[in-house]
Amino acid sequence: MSDKNCNCDVISLGNTGLPDCSLIADIAAFPLLDMAKDSAGAVKERLKTDLTVWANLEPILNAASPLDRIYPIGKFENVEQNREDDVFWTANSGKTAFVREGFKTFQGFIINAPRELTAKLNANACQSFGFHFIDDSNQLVTKKGSDSTKCKPILIDSDTFRTKYVEATNDAPAMLMLSFQWKSTEKDADVKVVGGLDYTGSDLYGLIDADATYSSISAAGFTATITSTCYGGAVEGLLLGDFTLTEISPTPGAAVISSVIESSPGVYDFVASTTSADVVRLSASKDRFDFSEMSDGTNDITIP
Amino acid sequence: MKIKVISGIQFNLDAVKSMSLSRFKELYKMRFGENTESVYYEITGKVKKEKPKKKKKEEAPE
(Lines give C-alpha, C1' and ligand atoms only; values in the text may rest on other atoms or scores of the structure.)
Protein backbone atom coordinates (compact mmCIF):
# COMPACT_ATOMS: atom_id res chain seq x y z
CA MET A 1 0.00 0.00 0.00
CA SER A 2 1.32 3.43 -0.92
CA ASP A 3 0.17 6.79 0.33
CA LYS A 4 2.06 9.64 -1.29
CA ASN A 5 -1.01 11.73 -2.01
CA CYS A 6 -1.05 15.34 -0.91
CA ASN A 7 -4.40 17.13 -0.66
CA CYS A 8 -3.89 20.29 -2.70
CA ASP A 9 -7.58 21.26 -2.58
CA VAL A 10 -7.20 23.04 0.77
CA ILE A 11 -4.69 25.57 1.94
CA SER A 12 -4.72 24.46 5.56
CA LEU A 13 -3.90 21.28 7.41
CA GLY A 14 -6.54 18.55 7.72
CA ASN A 15 -8.50 18.30 10.96
CA THR A 16 -7.31 15.64 13.36
CA GLY A 17 -10.30 15.01 15.63
CA LEU A 18 -10.97 11.39 16.61
CA PRO A 19 -14.33 9.75 17.32
CA ASP A 20 -14.95 8.54 20.88
CA CYS A 21 -14.96 5.00 19.66
CA SER A 22 -13.84 3.33 16.45
CA LEU A 23 -13.32 -0.29 15.46
CA ILE A 24 -9.66 -1.24 15.29
CA ALA A 25 -8.59 -4.22 13.21
CA ASP A 26 -7.12 -7.15 15.09
CA ILE A 27 -4.75 -9.75 13.65
CA ALA A 28 -5.97 -11.16 10.32
CA ALA A 29 -7.22 -14.70 10.92
CA PHE A 30 -9.50 -15.91 8.13
CA PRO A 31 -8.73 -14.53 4.64
CA LEU A 32 -11.60 -14.46 2.16
CA LEU A 33 -10.31 -14.47 -1.40
CA ASP A 34 -12.41 -12.41 -3.81
CA MET A 35 -11.95 -11.66 -7.50
CA ALA A 36 -11.32 -8.03 -8.47
CA LYS A 37 -14.15 -8.08 -11.01
CA ASP A 38 -17.54 -9.77 -11.02
CA SER A 39 -19.07 -12.04 -13.68
CA ALA A 40 -20.40 -8.97 -15.52
CA GLY A 41 -16.88 -7.53 -15.77
CA ALA A 42 -17.56 -4.70 -13.32
CA VAL A 43 -15.26 -3.80 -10.44
CA LYS A 44 -16.26 -6.05 -7.55
CA GLU A 45 -18.30 -4.28 -4.93
CA ARG A 46 -20.39 -6.05 -2.34
CA LEU A 47 -22.91 -5.00 0.24
CA LYS A 48 -21.28 -5.13 3.66
CA THR A 49 -24.31 -7.08 4.88
CA ASP A 50 -23.49 -9.77 2.30
CA LEU A 51 -20.32 -10.41 4.26
CA THR A 52 -21.59 -9.87 7.81
CA VAL A 53 -24.81 -11.94 7.69
CA TRP A 54 -24.37 -15.68 7.28
CA ALA A 55 -27.68 -16.12 5.42
CA ASN A 56 -26.34 -13.73 2.78
CA LEU A 57 -22.76 -15.01 2.75
CA GLU A 58 -23.37 -18.75 2.40
CA PRO A 59 -25.02 -18.45 -1.06
CA ILE A 60 -21.96 -16.42 -2.13
CA LEU A 61 -19.61 -19.19 -0.92
CA ASN A 62 -21.60 -21.54 -3.19
CA ALA A 63 -22.19 -19.09 -6.07
CA ALA A 64 -22.52 -20.78 -9.46
CA SER A 65 -20.18 -18.32 -11.16
CA PRO A 66 -16.57 -18.64 -9.94
CA LEU A 67 -16.18 -14.88 -10.43
CA ASP A 68 -18.98 -14.13 -7.98
CA ARG A 69 -17.86 -16.67 -5.40
CA ILE A 70 -15.88 -15.92 -2.23
CA TYR A 71 -13.10 -18.37 -1.38
CA PRO A 72 -12.22 -18.80 2.30
CA ILE A 73 -8.80 -20.36 2.81
CA GLY A 74 -8.72 -21.34 6.47
CA LYS A 75 -7.43 -20.14 9.83
CA PHE A 76 -4.07 -18.40 9.62
CA GLU A 77 -1.51 -18.32 12.40
CA ASN A 78 1.60 -16.22 12.97
CA VAL A 79 0.29 -13.57 10.61
CA GLU A 80 2.65 -10.71 9.92
CA GLN A 81 1.79 -7.69 7.82
CA ASN A 82 4.92 -5.61 7.65
CA ARG A 83 5.66 -2.53 5.65
CA GLU A 84 9.09 -2.25 4.18
CA ASP A 85 11.01 0.96 4.87
CA ASP A 86 9.87 4.02 2.99
CA VAL A 87 12.12 5.10 0.17
CA PHE A 88 13.82 8.50 0.53
CA TRP A 89 16.19 10.22 -1.85
CA THR A 90 19.21 11.82 -0.27
CA ALA A 91 20.72 14.99 -1.76
CA ASN A 92 24.44 15.69 -1.65
CA SER A 93 23.67 18.21 1.11
CA GLY A 94 22.24 15.44 3.27
CA LYS A 95 18.60 16.57 2.91
CA THR A 96 16.22 13.69 2.25
CA ALA A 97 12.95 13.70 0.30
CA PHE A 98 10.16 11.13 0.47
CA VAL A 99 9.88 9.09 -2.73
CA ARG A 100 7.40 6.32 -1.93
CA GLU A 101 6.11 4.14 0.82
CA GLY A 102 7.59 0.72 1.28
CA PHE A 103 5.47 -2.17 0.08
CA LYS A 104 3.26 -3.84 2.66
CA THR A 105 3.57 -7.60 2.80
CA PHE A 106 1.49 -10.42 4.23
CA GLN A 107 2.73 -13.71 5.54
CA GLY A 108 0.80 -16.37 7.43
CA PHE A 109 0.59 -20.12 8.04
CA ILE A 110 -2.25 -22.64 7.95
CA ILE A 111 -1.53 -25.57 10.23
CA ASN A 112 -1.99 -29.10 8.87
CA ALA A 113 -3.37 -27.94 5.54
CA PRO A 114 -3.33 -30.62 2.83
CA ARG A 115 -0.46 -30.16 0.41
CA GLU A 116 -2.90 -30.22 -2.54
CA LEU A 117 -4.14 -26.82 -1.40
CA THR A 118 -0.72 -25.38 -2.26
CA ALA A 119 -1.21 -26.13 -5.95
CA LYS A 120 -4.82 -24.91 -5.87
CA LEU A 121 -3.78 -21.56 -4.41
CA ASN A 122 -0.70 -21.09 -6.60
CA ALA A 123 -2.93 -21.60 -9.65
CA ASN A 124 -4.59 -18.31 -8.69
CA ALA A 125 -1.38 -16.34 -9.14
CA CYS A 126 -2.27 -15.20 -12.65
CA GLN A 127 -5.64 -13.77 -11.59
CA SER A 128 -6.53 -10.29 -10.40
CA PHE A 129 -7.96 -10.60 -6.91
CA GLY A 130 -7.88 -9.41 -3.35
CA PHE A 131 -8.94 -10.28 0.18
CA HIS A 132 -11.38 -9.44 2.89
CA PHE A 133 -10.44 -10.72 6.36
CA ILE A 134 -12.17 -11.92 9.46
CA ASP A 135 -9.84 -10.86 12.26
CA ASP A 136 -9.13 -12.44 15.65
CA SER A 137 -11.89 -10.27 17.20
CA ASN A 138 -14.42 -11.61 14.66
CA GLN A 139 -14.61 -8.37 12.73
CA LEU A 140 -14.68 -8.01 8.96
CA VAL A 141 -11.69 -6.13 7.55
CA THR A 142 -12.36 -4.89 4.05
CA LYS A 143 -11.96 -1.87 1.77
CA LYS A 144 -14.46 0.94 1.57
CA GLY A 145 -16.84 0.92 -1.38
CA SER A 146 -18.66 3.61 -3.31
CA ASP A 147 -20.90 4.32 -0.29
CA SER A 148 -21.01 3.38 3.36
CA THR A 149 -23.09 0.24 2.74
CA LYS A 150 -20.60 -1.29 0.30
CA CYS A 151 -17.12 -2.76 0.35
CA LYS A 152 -14.48 -4.06 -2.03
CA PRO A 153 -11.69 -6.63 -1.75
CA ILE A 154 -8.30 -5.21 -0.76
CA LEU A 155 -6.31 -5.97 -3.89
CA ILE A 156 -2.98 -7.74 -3.89
CA ASP A 157 -0.12 -7.82 -6.37
CA SER A 158 -0.72 -11.27 -7.83
CA ASP A 159 2.89 -11.43 -9.11
CA THR A 160 3.92 -11.80 -5.48
CA PHE A 161 1.26 -14.35 -4.44
CA ARG A 162 2.91 -17.58 -3.39
CA THR A 163 2.15 -20.55 -1.20
CA LYS A 164 4.72 -23.05 0.03
CA TYR A 165 4.27 -26.35 1.77
CA VAL A 166 6.35 -26.51 4.94
CA GLU A 167 7.11 -30.09 5.96
CA ALA A 168 6.59 -31.24 9.54
CA THR A 169 9.56 -31.34 11.88
CA ASN A 170 10.14 -32.84 15.34
CA ASP A 171 8.83 -29.71 16.95
CA ALA A 172 6.40 -28.24 14.40
CA PRO A 173 3.46 -29.59 12.39
CA ALA A 174 3.23 -29.45 8.60
CA MET A 175 2.07 -26.05 7.44
CA LEU A 176 1.15 -24.11 4.38
CA MET A 177 2.79 -20.70 4.14
CA LEU A 178 1.09 -17.95 2.17
CA SER A 179 2.82 -14.70 1.31
CA PHE A 180 2.13 -11.75 -0.96
CA GLN A 181 2.42 -7.98 -1.28
CA TRP A 182 -0.62 -5.73 -1.15
CA LYS A 183 -1.09 -3.72 -4.33
CA SER A 184 0.80 -0.45 -4.10
CA THR A 185 -2.37 1.49 -4.96
CA GLU A 186 -4.22 0.23 -1.86
CA LYS A 187 -4.19 2.74 0.98
CA ASP A 188 -4.32 1.97 4.69
CA ALA A 189 -6.88 4.74 5.13
CA ASP A 190 -9.32 2.96 2.82
CA VAL A 191 -9.36 -0.21 4.90
CA LYS A 192 -12.56 -0.47 6.94
CA VAL A 193 -13.44 -2.57 9.96
CA VAL A 194 -17.01 -3.82 10.29
CA GLY A 195 -18.40 -5.43 13.42
CA GLY A 196 -21.61 -7.31 14.20
CA LEU A 197 -20.94 -10.54 12.30
CA ASP A 198 -23.53 -13.24 13.07
CA TYR A 199 -21.06 -16.06 12.32
CA THR A 200 -17.44 -16.85 13.09
CA GLY A 201 -14.50 -17.62 10.83
CA SER A 202 -14.84 -21.31 11.74
CA ASP A 203 -18.20 -21.41 9.93
CA LEU A 204 -16.56 -20.54 6.61
CA TYR A 205 -15.81 -23.16 4.01
CA GLY A 206 -14.46 -23.34 0.48
CA LEU A 207 -15.87 -25.68 -2.15
CA ILE A 208 -14.45 -29.09 -3.03
CA ASP A 209 -14.18 -29.95 -6.74
CA ALA A 210 -15.93 -33.20 -7.63
CA ASP A 211 -16.17 -35.31 -10.77
CA ALA A 212 -17.77 -38.61 -11.78
CA THR A 213 -16.74 -41.76 -13.61
CA TYR A 214 -19.44 -43.96 -15.12
CA SER A 215 -19.91 -47.72 -15.36
CA SER A 216 -22.67 -50.32 -15.95
CA ILE A 217 -24.19 -48.06 -18.59
CA SER A 218 -27.36 -49.37 -20.21
CA ALA A 219 -30.69 -48.05 -21.42
CA ALA A 220 -32.02 -48.79 -17.94
CA GLY A 221 -29.47 -46.64 -16.13
CA PHE A 222 -25.84 -46.28 -15.07
CA THR A 223 -23.55 -46.12 -12.08
CA ALA A 224 -21.74 -42.89 -11.21
CA THR A 225 -18.73 -42.95 -8.88
CA ILE A 226 -18.32 -39.41 -7.58
CA THR A 227 -15.08 -38.36 -5.94
CA SER A 228 -13.20 -35.21 -5.01
CA THR A 229 -10.87 -34.54 -7.94
CA CYS A 230 -8.21 -32.93 -5.78
CA TYR A 231 -8.28 -35.02 -2.63
CA GLY A 232 -9.70 -38.31 -3.94
CA GLY A 233 -12.33 -38.96 -1.26
CA ALA A 234 -15.81 -40.23 -2.04
CA VAL A 235 -18.56 -37.62 -2.23
CA GLU A 236 -21.19 -39.13 0.00
CA GLY A 237 -24.74 -38.30 0.94
CA LEU A 238 -26.06 -36.86 -2.31
CA LEU A 239 -29.82 -37.10 -2.74
CA LEU A 240 -32.01 -37.61 -5.79
CA GLY A 241 -32.98 -33.94 -5.73
CA ASP A 242 -29.30 -32.94 -5.97
CA PHE A 243 -28.98 -34.50 -9.45
CA THR A 244 -30.14 -33.38 -12.88
CA LEU A 245 -29.95 -35.50 -16.03
CA THR A 246 -30.01 -33.80 -19.40
CA GLU A 247 -30.23 -35.38 -22.82
CA ILE A 248 -27.59 -33.81 -25.05
CA SER A 249 -28.47 -35.71 -28.22
CA PRO A 250 -30.39 -36.60 -30.29
CA THR A 251 -33.21 -34.66 -28.57
CA PRO A 252 -31.77 -32.05 -26.20
CA GLY A 253 -33.83 -31.57 -23.09
CA ALA A 254 -34.44 -32.83 -19.59
CA ALA A 255 -34.20 -36.57 -18.97
CA VAL A 256 -35.98 -38.24 -16.07
CA ILE A 257 -34.17 -40.00 -13.25
CA SER A 258 -36.56 -42.63 -11.86
CA SER A 259 -34.46 -43.54 -8.84
CA VAL A 260 -31.02 -43.49 -7.30
CA ILE A 261 -29.34 -45.40 -4.49
CA GLU A 262 -25.93 -44.80 -2.95
CA SER A 263 -24.85 -48.44 -3.08
CA SER A 264 -21.50 -47.71 -1.42
CA PRO A 265 -19.83 -44.44 -0.36
CA GLY A 266 -19.79 -42.13 -3.37
CA VAL A 267 -21.21 -44.79 -5.73
CA TYR A 268 -24.66 -43.94 -7.06
CA ASP A 269 -26.78 -46.39 -9.09
CA PHE A 270 -29.22 -44.53 -11.31
CA VAL A 271 -32.31 -45.80 -13.09
CA ALA A 272 -33.28 -43.40 -15.84
CA SER A 273 -35.45 -43.24 -18.92
CA THR A 274 -33.00 -43.33 -21.80
CA THR A 275 -32.77 -45.19 -25.07
CA SER A 276 -29.92 -46.67 -27.03
CA ALA A 277 -27.55 -44.08 -28.63
CA ASP A 278 -28.73 -41.27 -26.36
CA VAL A 279 -26.00 -39.01 -25.01
CA VAL A 280 -26.87 -37.71 -21.56
CA ARG A 281 -25.11 -35.48 -19.05
CA LEU A 282 -25.35 -35.81 -15.28
CA SER A 283 -24.97 -32.69 -13.17
CA ALA A 284 -25.29 -32.12 -9.46
CA SER A 285 -25.61 -29.27 -7.03
CA LYS A 286 -24.96 -29.27 -3.31
CA ASP A 287 -23.49 -26.79 -0.88
CA ARG A 288 -19.75 -27.27 -0.20
CA PHE A 289 -19.13 -28.93 -3.61
CA ASP A 290 -18.37 -27.68 -7.11
CA PHE A 291 -19.58 -30.25 -9.65
CA SER A 292 -18.75 -28.17 -12.73
CA GLU A 293 -16.14 -30.71 -13.93
CA MET A 294 -18.87 -33.34 -13.93
CA SER A 295 -21.02 -31.43 -16.39
CA ASP A 296 -18.41 -29.59 -18.47
CA GLY A 297 -19.16 -31.69 -21.57
CA THR A 298 -16.00 -33.80 -21.38
CA ASN A 299 -17.67 -36.56 -19.45
CA ASP A 300 -21.02 -37.27 -21.10
CA ILE A 301 -22.64 -40.68 -21.00
CA THR A 302 -23.38 -42.50 -24.25
CA ILE A 303 -26.05 -45.16 -23.87
CA PRO A 304 -24.95 -48.34 -25.71
CA MET B 1 -39.60 -33.33 -6.85
CA LYS B 2 -41.47 -35.76 -4.60
CA ILE B 3 -39.29 -38.56 -3.35
CA LYS B 4 -40.13 -41.83 -1.66
CA VAL B 5 -37.42 -44.01 -0.12
CA ILE B 6 -37.83 -47.79 -0.12
CA SER B 7 -34.97 -50.11 0.86
CA GLY B 8 -32.55 -47.18 0.55
CA ILE B 9 -33.60 -46.38 -3.03
CA GLN B 10 -34.78 -42.83 -3.56
CA PHE B 11 -37.66 -42.97 -6.03
CA ASN B 12 -38.87 -40.05 -8.11
CA LEU B 13 -42.59 -40.39 -7.36
CA ASP B 14 -43.82 -38.64 -10.48
CA ALA B 15 -41.55 -40.71 -12.70
CA VAL B 16 -42.70 -44.01 -11.21
CA LYS B 17 -46.36 -43.00 -11.26
CA SER B 18 -46.12 -42.39 -15.00
CA MET B 19 -44.51 -45.80 -15.49
CA SER B 20 -46.45 -48.95 -16.29
CA LEU B 21 -46.16 -51.94 -13.99
CA SER B 22 -44.49 -53.96 -16.73
CA ARG B 23 -41.84 -51.26 -17.28
CA PHE B 24 -41.26 -51.04 -13.53
CA LYS B 25 -40.76 -54.79 -13.41
CA GLU B 26 -38.20 -54.56 -16.25
CA LEU B 27 -36.18 -52.01 -14.32
CA TYR B 28 -36.46 -53.30 -10.77
CA LYS B 29 -37.11 -57.05 -10.93
CA MET B 30 -33.43 -57.76 -10.28
CA ARG B 31 -33.48 -55.71 -7.11
CA PHE B 32 -36.85 -56.54 -5.61
CA GLY B 33 -37.53 -60.02 -6.98
CA GLU B 34 -40.95 -61.33 -6.09
CA ASN B 35 -41.77 -58.12 -4.22
CA THR B 36 -41.42 -55.90 -7.31
CA GLU B 37 -45.14 -55.64 -7.90
CA SER B 38 -45.97 -54.74 -4.30
CA VAL B 39 -43.18 -52.12 -4.28
CA TYR B 40 -44.70 -50.58 -7.40
CA TYR B 41 -48.12 -50.34 -5.76
CA GLU B 42 -46.59 -48.95 -2.56
CA ILE B 43 -44.81 -46.18 -4.44
CA THR B 44 -47.60 -45.25 -6.79
CA GLY B 45 -50.46 -45.69 -4.33
CA LYS B 46 -52.35 -47.44 -7.08
CA VAL B 47 -54.63 -50.27 -6.10
CA LYS B 48 -54.02 -53.66 -7.61
CA LYS B 49 -57.01 -54.79 -9.60
CA GLU B 50 -57.96 -58.27 -8.56
CA LYS B 51 -59.09 -60.42 -11.42
CA PRO B 52 -62.66 -61.58 -10.78
CA LYS B 53 -62.72 -65.24 -9.81
CA LYS B 54 -64.58 -67.47 -12.14
CA LYS B 55 -67.69 -68.86 -10.57
CA LYS B 56 -67.69 -72.62 -10.19
CA LYS B 57 -70.04 -74.24 -12.58
CA GLU B 58 -73.14 -75.24 -10.81
CA GLU B 59 -73.43 -78.95 -10.52
CA ALA B 60 -76.01 -80.37 -12.82
CA PRO B 61 -79.17 -81.41 -10.99
CA GLU B 62 -79.52 -85.09 -10.61
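## Exercises on a sheet shared by two chains

An open sheet of seven strands, with mixed pairing, runs in the order S21(A)-S14(A)-S15(A)-S19(A)-S18(A)-S2(B)-S1(B). The model is predicted, with local features requiring pLDDT of at least 70 and side-chain atom pairs pLDDT 80 or more, while totals for chains, interfaces and linings use all residues. Residues are numbered from 1 along each chain as its sequence is written, and chains are lettered from A in the order in which they are written.

**Exercise 1.** Determine which strands stand at the edges of the sheet, and how S18(A) is joined to S19(A) and to S2(B).

*Solution.* Step 1: strands are DSSP runs (E, at least two residues), as helices are (H or I, at least four), numbered from the N terminus; two strands pair if DSSP finds at least two bridges between them.

Step 2: S21 (289–290) of chain A and S1 (3–6) of chain B each have a single partner strand, so one side of each is left without a neighbour in the sheet.

Step 3: S18(A), residues 257–264, is antiparallel to S19(A), residues 267–272, and six bridges join them. One of the pairs is Glu262(A) with Tyr268(A) in S19(A).

Step 4: S18(A) also runs antiparallel to S2(B), through two bridges. Here Ser259(A) has Phe11(B) as its bridge partner.

**Exercise 2.** Describe the side of chain B that touches chain A by its elements and its residue classes.

*Solution.* Step 1: eleven residues of chain B are in contact (C-beta atoms, placed from the backbone, within 7 Å) with eleven residues of chain A.

Step 2: strand S2 (9–12) and helix H1 (13–17) of chain B supply at least two residues each to this side. The largest share, four residues, comes from S2(B).

Step 3: this side of chain B has eight nonpolar residues, three polar and no charged. Nonpolar covers Ala, Val, Leu, Ile, Met, Phe, Trp, Tyr, Cys and Pro; charged covers Asp, Glu, Lys and Arg; the others, Gly among them, count as polar.

**Exercise 3.** Establish whether Phe243(A) is buried or exposed, and which residues it contacts beyond its neighbours within four places in sequence.

*Solution.* Step 1: Phe243(A) lies in strand S16 (residues 243–249) of chain A.

Step 2: the cut-offs are 20 or more other C-beta atoms within 10 Å for buried, 12 or fewer for exposed, and partly exposed in between. Phe243(A) has 23 and is therefore buried.

Step 3: leaving aside neighbours within four places, Phe243(A) is in contact with Leu238(A), Ile257(A), Val260(A), Leu282(A) and Ala284(A).

How values were computed. Two residues are in contact if their C-beta atoms, placed from the backbone, lie within 7 Å.
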